Amino acid sequence: MSVPADAPILTSDAMREAEAACAVQGTSLSELMELAGAAVADTAWRMAAGAPILILCGPGNNGGDGYVAARLLATRGAAVRVAALSEPSTELAKAARAGWSGPVEAVDGRLAPAPLIVDALFGVGLSRPIADDLAAILGHFADRRILAVDVPSGIDSDGAADWMPPLRADVTLALGALKPAHVLLPTAPACGRVLLAPIGIAANKAMRTLPRVRETQPEATAHKFTRGMVLVFAGPMPGAAGLTAAAALRAGAGYVVLNGSERAPFSAIIAESDAKFGERLDDPRVGAVVIGPGFPAGDELLFDVEAALDSGKPLVLDAAAIDAALPRLSETPRKTILTPHEGEFARAFPQLYGSKIDRAKAAAARTQAVVVYKGADTVIAAPDGRLVAAWPGSPWLATAGTGDVLAGACGAMLARGGDAFDAAVAAVGWHIAQAARIGPGLVADDLIRD
Ligand SMILES: NC(=O)C1=CN([C@@H]2O[C@H](COP(=O)(O)OP(=O)(O)OC[C@H]3O[C@@H](n4cnc5c(N)ncnc54)[C@H](O)[C@@H]3O)[C@@H](O)[C@H]2O)[C@@H](O)CC1
Ligand SMILES: Nc1ncnc2c1ncn2[C@@H]1O[C@H](COP(=O)(O)OP(=O)(O)O)[C@@H](O)[C@H]1O
Ligand SMILES: [K+]
């Protein structure tokens, strides 16, 4: 499973807007369909490697892409058959159908499979789950190689409904842009390897996949404080905060203080009593404060979160610190990163609806903070609407303590002084890259070791 790095993600509404903008700029919808069909034909040609291909066409423009691909594959000499659910219903699809001169079989229980199935049944226009009888027919093709056009048919491309497709794709060719369902659970794994066919659409890149992680070397003139100083507040369970502090140092902070703990996870980390927390908050060199890891909810946490909020410092708030800060977050916007997992997100933002992307964006707008909504399909949302989806992360991260490490990495990136959203994106990228490098047997402590 994979998605292209730094690729645009558009909802179905945004896709239609982009399509309309193309038309205004002189690229007609039929030209777009021709480009889409050509990209499908190229991918199918490579995947089939000479074996026969069966293209399943639906009634809308997704089916239209299928007819165009069929025509182009036949011209190239591929052994291609077409089967359709019904006659096309859109003008574009009718024109594409007219360009296919071969037979059109029915999609029913008698339809013979082929080694490669091209699923061009439904794309972004699907408005309800696929009917059971069609799902049963498609189930017969589940053991074949599947190329899905735009999205595997049957899913809600906006990722709001959790409908699963009868056919899981080996490869999904996203047209113009990726769609939320390509990067969100539960549908993302059913998309297989996602490729992007740009087809000339000028896609807005406010929402995109995780960019490639770039190793950034410190400035030649750097000293420890210019690389960023992070203050981690430990609370009563210092083990987790120790991981956080160590992660901040490993992720590139120049100086890390672990307040409220006797035990420094690395010799270079200053571990000190909590009596100095107020003093540290006044230190102008502190570029970011991290609170939450290993800190149970309660009066003590509330008190310390209040102090951190009063300091005006850039903040990383994890776990129970998110709830503690919530009432005050939007009143004095500052650089803040929240790092809730599913349970913490649901507790903090119970009233939000829509896809995980919609909910992360709404939470960011409401709190005026950057929200890293964690999980296998982590999304990072900024209050201004920017969003990065980090699917697929590294499943080796599904182990205790890795969230504490991520909070520390967010602290390190934030303490550098740049934009909080860019910091959160860099931290998530660092976290996944560390995990991918370590792989089997990973425990959270490995992420902070050399
Ligand atoms: N947006 C773009 O810029 C482009 C879009 N193209 C294609 O167009 C697709 C979208 O086309 P459409 O909007 O026509 O929609 P679709 O082709 O995705 O499907 C809509 C059709 O399916 C029917 N339908 C919906 N749910 C159904 C269900 N559960 N059971 C049976 N029938 C159902 C609808 O009545 C309608 O006829 C994209 O996914 C893509 O493949 C491409 O042609 C190229 C450019
Ligand atoms: N299957 C998975 N694939 C990729 N990343 C995952 C997966 N499961 C968990 N993660 C990541 O691991 C981290 C776990 O964080 P969290 O749940 O807060 O754990 P903890 O509280 O034990 O530190 C998050 O960054 C999350 O995105
Ligand atoms: K499809």
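This report describes the fold of one chain and the surroundings of its ligand, in a predicted model.

The chain holds 14 helices and 17 strands. Its C-alpha trace spans about 80 × 45 × 40 Å along the principal axes. Of the 450 residues, 54% are buried. Among contacts between residues at least 6 apart in sequence, 71% link residues at least 24 apart.

Ten strands form an open sheet with mixed pairing, in the order E8-E17-E16-E15-E14-E13-E12-E9-E10-E11. Strand E8 (207-209) and strand E11 (270-272) are the edge strands, each paired on one side only. On average, neighbouring strands of this sheet are turned by 15 degrees against each other, direction ignored. Within the sheet, strand E15 (residues 370-373) and strand E16 (residues 379-381) run antiparallel and are joined by three bridges. One residue of this pairing is Val372, whose bridge partner in E16 is Ile380.

Two helices that lie across strands are listed below.

| Helix | Strands crossed | Angle |
|---|---|---|
| H7 (residues 238-250) | E9 (229-233), E10 (255-259), E12 (286-291) | about 170 degrees to E10 |
| H12 (residues 356-367) | E14 (336-339), E15, E16, E17 (387-389) | about 30 degrees to E16 |

Ligand 1 has 29 residues around it, of which Gly60, Asn61, Asn62, Gly123 and Gly125 come nearest. By type, the shell around ligand 1 consists of 13 nonpolar, 12 polar and four charged residues. Helix H1 (12-24), helix H2 (29-48) and helix H3 (61-76) each contribute at least two residues to the shell. H3 gives the largest share, with five residues.

Methods
Residues are numbered from 1 along each chain as its sequence is written. Chains are lettered from A and ligands numbered from 1 in the order in which they are written. This is a predicted model: local features need pLDDT of at least 70, side-chain atom pairs count only at pLDDT 80 or more; totals for chains, interfaces and linings use all residues. Helices (H or I, at least four residues) and strands (E, at least two) are DSSP runs, numbered from the N terminus. A residue is buried if 20 or more other C-beta atoms lie within 10 Å of its own, exposed if 12 or fewer, and partly exposed in between; C-beta atoms are placed from the backbone. Two residues are in contact if their C-beta atoms, placed from the backbone, lie within 7 Å. A residue is near a molecule or strand if its C-beta atom, placed from the backbone, lies within 6 Å of it. Ala, Val, Leu, Ile, Met, Phe, Trp, Tyr, Cys and Pro count as nonpolar, Asp, Glu, Lys and Arg as charged, and the others, Gly among them, as polar. Two strands pair if DSSP finds at least two bridges between them. Axes are lines fitted to C-alpha atoms, for helices over the stretch in contact, and angles run from 0 to 180 degrees between N-to-C directions.
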